[in-house]
Amino acid sequence: MFYIYNTVTGQIRSIFTGPVDFLESQLQVNEDYLEVVENVTDATHYVDVNSKTLVEFPAKLNKYQEFSWESKEWETPAGTLEVAKIDGKVEVNTLAGITISERYPTYRQMNYNREPTAQATIDMNLWIDEVRAESNVATSSIDVATDLTTIEGIVEGFKAYLANL
């Protein structure tokens with residue numbers, strides 16, 4: 001098995017299995033190949049172009065980081081905090097909706113209009129309002145968060161709240 005990689009960045013372009021003669025004809029400008037006998041994947045490694053050895057990517061601190069081929073480090077792009085806020089609020093609202101729907105399937109939510117003063121209807125509405133209020137607190141907290149760790153903590157706290165219902 002061979003990795004075809006970029007000789008400038010070390011980024012692995014593809015995996016090739018076949019004869020070396022044919023492999024060499026598949027190389028593009030600024031590409032070389034490395035025979036791989038280790039049980040590694042191209043998704044977790046790149047090639048050190050100077051030593052022509054596989055190197056494992058460093059640890060990624062969050063899902064938003066992008067690998068810099070120049071520095072060989074994970075970097076957090078500009079605007080990530082705003083994207084994380086949107087993602088966090090979508091996750092909180094989605095989880096709230098799923099939780100409400102699981103406990104009160106659509107037919108029960110629609111049928112309550114038949115007896116709006118029944119205790120079951122009142123209890124359902126109070127419970128749904130409580131989940132929505134907690135969701136609103138979480139999304140408002142995400143809006144004012146100043147770092148990714150805080151956003152992740154708010155989302156995890158909301159998940160814990162739902163798990164304890």
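K52 is partly exposed, with a relative accessible area of 43%. The residue sits in the loop between β4 and β5 (53–56), and its phi is near 55°, a positive value in a residue other than glycine. The model is predicted. The points below cover loop residues, the three-stranded sheet, H45 and the packing of α2 against two other helices.

**Loop residues**

- K72 is not a glycine, yet has a positive phi of about 60°.
- The loop that holds K72 runs between β6 (66–68) and β7 (73–75).
- P105 belongs to the loop between α2 and α3 (106–111).
- With a relative accessible area of 27%, P105 is partly exposed, because buried means under 20% and exposed over 50%.
- From P105 to A145 the separation is 40 residues in sequence, and 33 Å in space from C-alpha to C-alpha.

**Three-stranded sheet**

- The order of strands in this open sheet is β2-β1-β3, and the pairing is antiparallel.
- β2 (12–16) and β3 (31–35) are the edge strands, each of which pairs on one side only.
- On average, neighbouring strands of this sheet are turned by 25° against each other, with direction ignored.
- Four bridges join strand β1 (residues 2–6) to β2 in the antiparallel sense.
- Y5 faces I12 in β2, standing opposite that residue.
- The hairpin of β1 and β2 has five residues between the strands, and G10 takes a positive phi near 90° there.

**H45 and its surroundings**

- H45 is a residue of strand β4 (residues 45–48).
- The relative accessibility of H45 is 12%, so H45 counts as buried, the limit being under 20%.
- A polar contact of 2.7 Å links the side chain of H45 to the side chain of T44.
- Apart from neighbours within four places in sequence, H45 touches I12, V40, L54, V55, E56 and F57.
- I12 of β2 thus appears twice: I12 stands opposite Y5, and I12 is also in contact with H45.

**Helix α2 against α5**

- Helix α2 (residues 80–103) packs on helix α5 (residues 148–163) at an angle of about 5°, and the axes are 10 Å apart.
- α2 and α5 are therefore roughly parallel to each other, since angles under 35 degrees count as such.
- On the α2 side, the contact is made by T80, L81, A84, K85, G88, E91, V92, L95, A96 and T99.
- On the α5 side, L148, I151, V155, F158, K159 and L162 take part.
- Sorted by class, the contact of α2 with α5 has 10 nonpolar, three polar and three charged residues.

**Helix α2 against α4**

- α2 also packs with helix α4 (residues 119–144), here at an angle of about 170° and with the axes 9 Å apart.
- α2 and α4 are therefore roughly antiparallel to each other, the cut-off being over 145 degrees.
- From α2, the residues that meet α4 are K85, G88, K89, V92, N93, A96, T99, I100 and R103.
- Their partners in α4 are W127, I128, V131, R132, S135, A138, T139, I142 and D143.
- By class, eight nonpolar, five polar and five charged residues form the contact of α2 with α4.
- Several α2 residues serve both contacts, among them K85, G88, V92, A96 and T99.

Conventions. Residues numbered from 1 in each chain as written. Predicted model: local features only at pLDDT ≥ 70, side-chain atom pairs only at ≥ 80, totals over all residues. Heavy atoms only, no water. Pairing = 2+ DSSP bridges. Axes fitted to C-alpha atoms, helices over the stretch in contact; angles between N-to-C directions. Parallel < 35°, antiparallel > 145°, perpendicular 65-115°, else oblique. Contact = heavy atoms within 4.5 Å. Nonpolar A, V, L, I, M, F, W, Y, C, P; charged D, E, K, R; others polar. Buried < 20%, exposed > 50% of the residue type's maximum accessible area, 1.4 Å probe, protein only. Polar contact = N/O pair within 3.5 Å; in protein donor to acceptor, adjacent residues only side chain to side chain.
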